[in-house]
Amino acid sequence: MVEKKPSLDIKSLAHDLRAGSRAALARAITLVESRRSDHQALARELVQMLLPDTGRALRVGITGSPGVGKSTTIDALGIHLIEQGHKIAVLAVDPSSARSGGSILGDKTRMARLSASDDAFIRPSPSSGTLGGVAAKTREAMLLCEAAGFDVVLVETVGIGQSETAVCDMTDFFLALMLPGGGDELQGIKKGLVELADMIAINKADGDNLKRANITAADYRGALHILTPRSEHWHPPVETYSALTGDGIAKIWQKVLDHRKAMNASGDFAARRREQQVKWMWSMLEQRMLARLRSEASVRTKVRKIETEVADGHLTPALAAEKILELLQ
């Protein structure tokens with residue numbers, strides 16, 4: 001006779017997580033990432049229980065195109081912060097296969113020094129096709145890391161699609177990494193990304209690339225002058241650095257601290273956090289509504305019928321959306 005597995009003890013898990021247990025943190029993040037309805041209910045209870053222990057970490061989003069050196073940068077920055085006495089959590093969202101949901105999960109191998117540190121926790125999570133490549137549960141995972149005592153949380157994005165906006169909506173400081181290159185290459189910058197960034201950092205400013213990196217930095221400074229900054233109390237700086245040699249890493253972190261000081265003094269820091277909480281609520285509501293449409297058999301059958309009518313041209317998408325909304329009432 002097969003024994004029934006005991007249900008997960010949420011209170012015990014929360015206690016171990018608060019005590020700094022890495023195993024408990026890993027189990028908790030696995031719980032919030034689970035798609036099982038019973039696990040999702042337990043995850044909501046766990047996050048609510050740990051809420052008073054969150055909010056004290058500095059949340060930094062890091063983005064950039066593939067090949068810019070995000071993982072190498074995080075490795076160098078993380079080691080610098082650990083040397084200063086910080087505990088670092090890295091939530092690296094890997095690209096998932098649109099068909100299988102599989103993930104490369106290679107980021108951890110590119111953070112060799114950070115992976116070996118007891119003061120760092122690295123969690124690669126597949127994006128699972130969510131908007132912008134940001135895992136649907138990244139926000140909850142961030143709160144769990146804070147409750148476990150990590151005072152700096154770095155969120156690395158895939159660097160494609162709308163991931164920049166998604167990460168910007170859950171972090172305090174948004175760092176955009178760029179490669180050396182000027183002239184025609186600069187014309188290809190994503191205006192939306194530059195407008196969101198709290199800082200632009202040009203990587204690979206070493207050896208023969210140093211001159212090109214400085215020219216690129218000057219070009220970006222010129223571009224930022226014609227854009228309206230996110231806050232009147234902070235004008236995004238442009239710096240050069242080398243993730244390979246470590247030159248400029250300390251300067252980048254000092255800018256993060258300068259930004260927090262300026263935002264706290266103006267009240268923008270608290271205002272941004274409050275706004276992010278509300279956006280998170282609406283994002284969760286959208287996910288729950290879509291989940292209900294897909295999970296309830298009777299509703300799912302009616303939705304498929306409406307889809308067919310739209311595809312055949314018998315029903316407008318606008319009217320179809322209204323009919324689907326009525327199914328949720």
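1. A good place to start is the salt bridge between the side chains of Arg59 and Glu146, with N and O 2.6 Å apart. Arg59 belongs to strand β1 (residues 58-63) and Glu146 to helix α6 (residues 138-147), so this pair ties together parts that are 87 residues apart in sequence. Please keep in mind that the model is predicted.

2. Are these two partners buried or exposed? Arg59 is buried, at 6% relative accessible area, and Glu146 is buried at 6% as well. Both count as buried because the cut-off is under 20%.

3. Next, have a look at Arg272 and Asp198, whose side chains meet in a salt bridge of 3.4 Å, N to O. Arg272 sits in helix α11 (residues 268-295), while Asp198 is in the loop between α8 (191-196) and β6 (199-202), so the pair links parts 74 residues apart in sequence. Arg272 and Asp198 are both buried.

4. Which residues are joined into one network by salt bridges that share partners? They are Asp169, Glu275 and Lys279.

5. For a contrast in setting, turn to Asp38 and Arg36. They form a salt bridge in which the closest N and O atoms are 2.6 Å apart. Asp38 is partly exposed, with 35% relative accessibility, and Arg36 is partly exposed too, with a relative accessible area of 48%. Both values fall in the partly exposed class because it lies between the buried limit of 20% and the exposed limit of 50%.

6. How many salt bridges does a search of the whole structure find? The count is 12, and the pairs Arg59 with Glu146, Arg272 with Asp198 and Asp38 with Arg36 are among them.

Methods: Residues are numbered from 1 along each chain as its sequence is written. This is a predicted model: local features need pLDDT of at least 70, side-chain atom pairs count only at pLDDT 80 or more; totals for chains, interfaces and linings use all residues. Side-chain values use heavy atoms; hydrogens and water are left out. A salt bridge is a side-chain nitrogen of Lys or Arg within 4 Å of a carboxyl oxygen of Asp or Glu. Buried means under 20% relative accessible area, exposed over 50%, partly exposed in between (1.4 Å probe, protein chains only). Helices (H or I, at least four residues) and strands (E, at least two) are DSSP runs, numbered from the N terminus.
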